[in-house]
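Visitor: Could you take me through one part of this model closely, and set out the cut-offs behind each term as you go?

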Amino acid sequence: MNPIQILFDNKHDTAILTASSQQSPPEYTQVSGGSYLFRTLGINNETLTAALSSAAYMSKVVIYGHNLSPAGIINVELLLNDDVVAETGFKGVAELIPLGRFRVGIDPWGGHDLSGLSTVGFEANFEPTIANAYRITINDPTNEKSYLEIGRVFSGAPWSPPEDMNISFGVSMQNKTATRKERTEGGSLIAIGKGGWREVSFSFDHLEDAEFENFIKEMNKTDDTTEVYISVYPDAGGVIEAIHSFAAMRQDGYGHTHDRARNRKVPLTYVEV
């Protein structure tokens, strides 16, 4: 099992964005919420380009909460001074490996249609590459909406612990709901309210001091109001990976326990935004 990935420092949030067409601003991909969705005017060869404030190592770009049909395809290019330094090539969002994931240089495996999940995403993964921009190109000629929609984009270089310091067994995933049940005077059960979210709790029980310091430096780039992208089981495959990968905020801060020599335990909870 590959170690958990957490993208603490989302380079997309401070990037300058341009789109080939727009019904709503591309800057809506820098904030979350149902009323903040970037929409294009068309469905063919639509591009979203992000210019970073400075060059940085990039290894992941996530197109999150999109409305692409299973026939939709995406190409993600990393740019350095307008030159393409890495790209995925056009890849499908549903028929390839989980989450529409494509890892550059590795032949995609399996076939999972995850389009029926509540929130779908496309992950482009690269070897760490220095870039100061990236370009997302989307084609979806069978999209019934006649426009493309993206809820959020995450980009950067996620933090992962060494494999032997990964999260322990006992990961708790809960699907919370805003629905409450009440009885009418006649005794019938009614449901009031809709909406749901995921909440995942896990613990790093084997962080040696040096890696603990690295982790704290990364996590202190965020607070409980910062949106991060978390993938608990990267490359696990299918629904297992998909339901444990989402945009989230940390819940109730964090703490750590020095339980033995040169070792720290850090329990955490993240709640879907």
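Guide: I230 makes a good starting place: leaving aside neighbours within four places in sequence, I230 is in contact with I4, Q5, I6, V200, F202, H244, S245, F246, A248 and Y270, where contact means heavy atoms within 4.5 Å. The model is a predicted one, in which local features need pLDDT of at least 70 and side-chain atom pairs count only at pLDDT 80 or more, while totals for chains, interfaces and linings use all residues. Residues are numbered from 1 along each chain as its sequence is written, and side-chain values use heavy atoms, with hydrogens and water left out.

I230 belongs to the largest nonpolar core, a set of 29 residues in which F202, F204, F215, I230 and Y270 touch the most other members. A nonpolar core is a set of buried Ala, Val, Leu, Ile, Met, Phe, Trp, Tyr and Cys residues joined through side-chain atoms within 4.5 Å; buried stands for under 20% relative accessible area, exposed for over 50%, and partly exposed for what lies in between, with a 1.4 Å probe and protein chains only. Two or more residues of this core come from each of strand 1 (5-7), strand 4 (46-64), strand 15 (196-208), helix 1 (209-219), strand 16 (228-231), strand 17 (245-250) and strand 19 (263-272). These elements are DSSP runs numbered from the N terminus, helices being H or I with at least four residues and strands E with at least two. Separate from this set is a second core of 26 residues, which includes M58, V76, F126 and I136.

Helix 1 deserves a closer look. Its buried residues are E211, F212, F215, I216, E218 and M219. They lie on the same side of helix 1 because they cover an arc of only 160 degrees around the axis, the arc being that of the directions from the helix axis to the C-beta atoms. On the other side of helix 1, A210 and K217 are exposed, whereas the buried residues pack against strand 15, strand 17 and strand 19.

Two loop residues can be set beside this picture. H12, found in the loop between strand 1 and strand 2, is buried, with a relative accessible area of 0%, and, not counting residues up to four places away in sequence, H12 touches L17, T29, Q30, L48, A50, Y134, V153 and S155. Y36, in the loop between strand 2 (16-19) and strand 3 (38-39), is partly exposed, with a relative accessible area of 36%. Beyond its neighbours within four places in sequence, Y36 is in contact with Y28, V31 and G151.
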